[in-house]
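Here's a quick tour of a protein chain, one topic at a time. Keep the structure open beside you as you read.

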Amino acid sequence: MNAPARSLHDIPRSDWTREEIAALFALPFPELMFRAQSIHRAHFDPTQVQISTLISIKTGGCPEDCGYCSQSSKYDTGLKASKLMAVEAVLAEARAAKEAGASRFCMGAAWRNPKDKDLDSVCTMVEGVKALGMETCVTLGMLTAEQTARLKQSGLDYYNHNIDTSPEYYRHIISTRTYQDRLDTLAHVRDAGINVCCGGIVGMGESAADRIGLIHALATLPVHPESVPINALVQIEGTPQALATPIDPIDFVRMIAVARITMPKSVVRLSAGRESMSEETQALCFLAGANSIFYGPKLLTTPNPVADSDRTLFAKLGLTPMPLS
Ligand code: SF4
């Protein structure tokens, strides 16, 4: 089947069909890359990459059973759990991240959902990071409408909540909350006027149809997420996904390209798994329309390319950090 050729200036659509998305995945690689590049250039400066730093403000001991996660209390991964960090310690990390060039500071806590007392501390962190002139993002698990309203009041810019995989494959990855639970939290975030950061993970044994289903679920949200992280699984010993077959690098680039084409105005983040990607694969991802990365030595609990190797790669490719708009 031929993929429909669309105008470069298409406004974002939420009516993508699985067949259309499948046809994009099936395009010859040069054609797919050309389309992704053309759409990328219509909406973004292709030389700019948004840089975020992610820290874990509360590590491990999570009651959820996400099959890829080092922080789930259901798996013996050797991770040492820790309590919620003190506000000042978080702000010190944010200052260092800003000095290293990050424009957005993301804070992750391993909770099923935050308790109201903990949310008070997180709101204070958000206010402090905002005062440094950075964008803020948090990921805290499921939220109620009241909690999202409080986060909005504190000035929160982005909330991250991933849907992980296709609706069909989801049950193979997590059983302690449903796909609908995730969509409900995303709707609360959207209703509160907070930008949505939502993506998924590939390389968890999913089929090609599941990758189509993941993109379809994201691209048919009523409003596309402003930020779409595409993660390549980092295998963690002790988790059910420890032995999953890694995704082929070209298939990963195709994921990025199809995300770019279907969600033309979203920032597509080359996220977890970058540590084990070659420079060439990362360069192809940037060509395919990825325009955000995490910067810093760790992504929550998994390794990330150190800032120096990122700087070298940016210099080689002539890329520069995207300024705050
Ligand atoms: S991914 Fe998040 S919710 Fe799932 S087990 Fe890990 S910390 Fe908990």
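Let's start with some vocabulary: a residue is buried when its relative accessible area is under 20%, exposed when that area is over 50%, and partly exposed in between. Take Asp251 as a warm-up: its relative accessible area is 31%, so Asp251 counts as partly exposed. Keep in mind that this is a predicted model.

**Salt bridges**

- Some background first: side chains of opposite charge can pair up when their charged atoms come close to each other.
- How many salt bridges are there by this rule, which asks for a side-chain nitrogen of Lys or Arg within 4 Å of a carboxyl oxygen of Asp or Glu? The count comes to 18.
- Glu64 and Arg112 form one of them, with 2.8 Å from N to O. This pair links distant parts of the chain, 48 residues apart: Glu64 sits in the loop between β1 (48-58) and α3 (87-99), while Arg112 sits in the loop between β2 (104-109) and α4.
- Is Glu64 buried or exposed? With a relative accessibility of 1%, Glu64 counts as buried, whereas its partner Arg112 is partly exposed at 32%.
- Arg104 and Glu135 also meet through their side chains, at 3.0 Å from N to O. Here strand β2 supplies Arg104 and strand β3 supplies Glu135, and the two residues are 31 apart along the chain.
- Both ends of that bridge are tucked away: Arg104 is buried at 3% relative accessibility, and Glu135 is buried at 17%.
- Next comes the bridge between Arg211 and Asp251, at 3.9 Å from N to O. Arg211 belongs to helix α7 (residues 208-219) and Asp251 to helix α8 (residues 249-262), so this pair ties together parts that lie 40 residues apart in sequence.
- Arg211 has a relative accessible area of 15%, so Arg211 is buried, while Asp251 is the partly exposed residue from our warm-up, at 31%.
- There's also a little network: Arg13, Asp15 and Glu20 are joined by salt bridges that share partners.

**Helix α5 and its two sides**

- Which residues of helix α5 (residues 145-153) are buried? They are Gln147, Thr148 and Leu151.
- These buried residues span an arc of only 100 degrees around the axis, so they end up on the same side of α5.
- A handy bit of helix geometry: an α-helix has 3.6 residues a turn, so residues three or four places apart point the same way.
- Look at the other side of α5 and you'll find Glu146 and Gln153, which are exposed.
- What do the buried residues of α5 pack against? Their neighbours are α4 (116-131), β3 (135-139), β4 (158-160) and α6 (179-191).
- After α5 comes Gly155, with a positive phi near 100 degrees.

**Where α2 meets α9**

- Helix α2 (residues 29-43) packs with helix α9 (residues 279-287) at an angle of about 55 degrees, and their axes are 9 Å apart.
- That angle is why α2 and α9 are described as oblique to each other.
- On the α2 side, the residues that meet the other helix are Phe29, Met33, Gln37 and His40; on the α9 side, they are Leu284, Phe286 and Leu287.
- Sort the residues of this contact by type and you get five nonpolar, two polar and no charged.

**Three residues to click on**

- Thr185 is in helix α6, and its relative accessible area of 1% makes it buried.
- Setting aside neighbours within four places in sequence, Thr185 is in contact with Gly141, Met142, Leu143, Tyr159 and His161.
- Asp164 lies in the loop between β4 and α6. Asp164 has a positive phi of about 75 degrees, although it is not a glycine.
- Asp164 is buried too, with a relative accessible area of 1%.
- Pro323 is found in the segment after β12 (320-321), and at 52% relative accessibility Pro323 counts as exposed.
- Follow the chain from Ala102 to Pro323 and you cover 221 residues, yet their C-alpha atoms are separated by 9.4 Å.

Note on methods:
Residues are numbered from 1 along each chain as its sequence is written. This is a predicted model: local features need pLDDT of at least 70, side-chain atom pairs count only at pLDDT 80 or more; totals for chains, interfaces and linings use all residues. Side-chain values use heavy atoms; hydrogens and water are left out. Axes are lines fitted to C-alpha atoms, for helices over the stretch in contact, and angles run from 0 to 180 degrees between N-to-C directions. Helices (H or I, at least four residues) and strands (E, at least two) are DSSP runs, numbered from the N terminus. Angles under 35 degrees count as roughly parallel, over 145 as roughly antiparallel, 65 to 115 as roughly perpendicular and the rest as oblique. Contact means heavy atoms within 4.5 Å. Ala, Val, Leu, Ile, Met, Phe, Trp, Tyr, Cys and Pro count as nonpolar, Asp, Glu, Lys and Arg as charged, and the others, Gly among them, as polar. Buried means under 20% relative accessible area, exposed over 50%, partly exposed in between (1.4 Å probe, protein chains only). The arc is that of the directions from the helix axis to the C-beta atoms.
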